[in-house]
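Colleague: Could you walk me through how to read a few features of a fold? I am happier at the bench than at the graphics screen.

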Amino acid sequence: MRIVIAGGHGQIALRLERLLAARGDEVAGIIRRAEQGDDLRAAGAEPVLCDLESASVKEVAAHLRGADAAVFAAGAGPGSGAARKDTVDRGAAVLFADAAEQAGVRRYVVVSAMGAHPSHRGDEVFDVYLRAKGEADAYVRGRTALEWTILRPGGLIDDAGTGLVRLEASTGRGTVPRDDVAAVLAELVDTPATAGLTLELISGSTPVSVSVKSVAGN
């Protein structure tokens, strides 16, 4: 498979790139800064320079053309203000979905956030973030040409992955290592029977592959 990842230099994206490249997939990661390219090459991915905050749908679609799947893993990141939550976490997500549709890429996986909702209340930056992610998710759900799956991890931690997770429509609060989020994403990309599902993810007791198979087709 050829898989294109938005936010290719993110912590989850770099882990995902290593997993996909190791299993023989062709991986490209979209990055904003050329100096990030070496990290992607080390992970086995092809760096693609493109700023999703300023690019057009047509430009992004050109990078997606010929891909079998697209993964939106971009984010404004900690320390960014409310304005970039809107331009990246909402705006870039909408742009990437439109570009995937224009490029004819059907399989589309989104890294969202637990608690994301378009009508989430509050004025703190994290509230704006959850609202932006919720609006982006709602937009993706409306794209009938995409076989979308939305993944909403709990609190992200840097502990080594265990390969054991809980993946359900609603899991309740919890944490999950970034390693395990990447492992679940790798399985989801390859499991189109999860299309149309919004799934929450925390650490649990079920192997990743079993967890994904158990929700597929529900």
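Colleague: How many bridges join strand β5 to β6, and do they run parallel or antiparallel?

Modeller: Please keep in mind that this is a predicted model. Strand β5 (residues 107-111) and β6 run parallel, and five bridges join them. If you want a spot to look at, V111 stands opposite L151 in β6. Between these two strands the chain passes through helix α5 (residues 125-141), making a right-handed β-α-β crossover.

Colleague: Which other strand is joined to β6?

Modeller: That is strand β10 (residues 197-203), which is parallel to β6 and joined to it by five bridges. Here you can find P153 opposite L201 in β10.

Colleague: Is strand β6 mostly covered or mostly open?

Modeller: Mostly covered: of the seven residues in β6 (residues 147-153), six are buried.

Colleague: Now the helix. What span should helix α4 have, and how far apart are its end C-alpha atoms?

Modeller: Count the residues and allow 1.5 Å for each step along the helix. Helix α4 (residues 82-103) has 22 residues, so it should span 32 Å; the end C-alpha atoms are 30 Å apart, which agrees.

Colleague: Where is the kink in α4 centred?

Modeller: Look at G91, where α4 has a kink of about 35 degrees. Another glycine to look at is G104, just after α4, with a positive phi of about 80 degrees.

Colleague: And aromatic rings, what describes a pair of them?

Modeller: Two things: how far apart the centres are, and the angle of the planes. In this model the count comes to three aromatic pairs. One of them is F72 with F96, a tilted pair with 6.0 Å centre to centre and 50 degrees between the planes. This pair links distant parts of the chain, as F72 is in strand β4 (residues 69-72) and F96 in helix α4, 24 residues apart.

Colleague: Which aromatic pair do F96 and Y108 form, stacked or tilted?

Modeller: Tilted, with 6.0 Å centre to centre and 45 degrees between the planes. F96 in helix α4 and Y108 in strand β5 are 12 residues apart, so you have another link between distant parts of the chain. Taken together, F72, F96 and Y108 form one aromatic cluster.

Colleague: Why does F72 count as buried?

Modeller: Buried means under 20% relative accessible area, and F72 counts as buried because its relative accessibility is 0%. F96 is buried too, with a relative accessible area of 0%, and Y108 counts as buried at 0% relative accessibility.

Technical notes: Residues are numbered from 1 along each chain as its sequence is written. This is a predicted model: local features need pLDDT of at least 70, side-chain atom pairs count only at pLDDT 80 or more; totals for chains, interfaces and linings use all residues. Side-chain values use heavy atoms; hydrogens and water are left out. Helices (H or I, at least four residues) and strands (E, at least two) are DSSP runs, numbered from the N terminus. The expected span of a helix is 1.5 Å times one less than its number of residues. The bend at a residue is the angle between axes fitted to the seven residues ending there and the seven starting there. Buried means under 20% relative accessible area, exposed over 50%, partly exposed in between (1.4 Å probe, protein chains only). Two strands pair if DSSP finds at least two bridges between them. A crossover is right-handed if, with the strands pointing away from the viewer, the path from the first strand over the helix to the second runs clockwise. Rings of Phe, Tyr and Trp (its six-membered ring) pair if their centres lie within 6.5 Å; planes under 30 degrees apart count as stacked, over 60 as edge-to-face and the rest as tilted.
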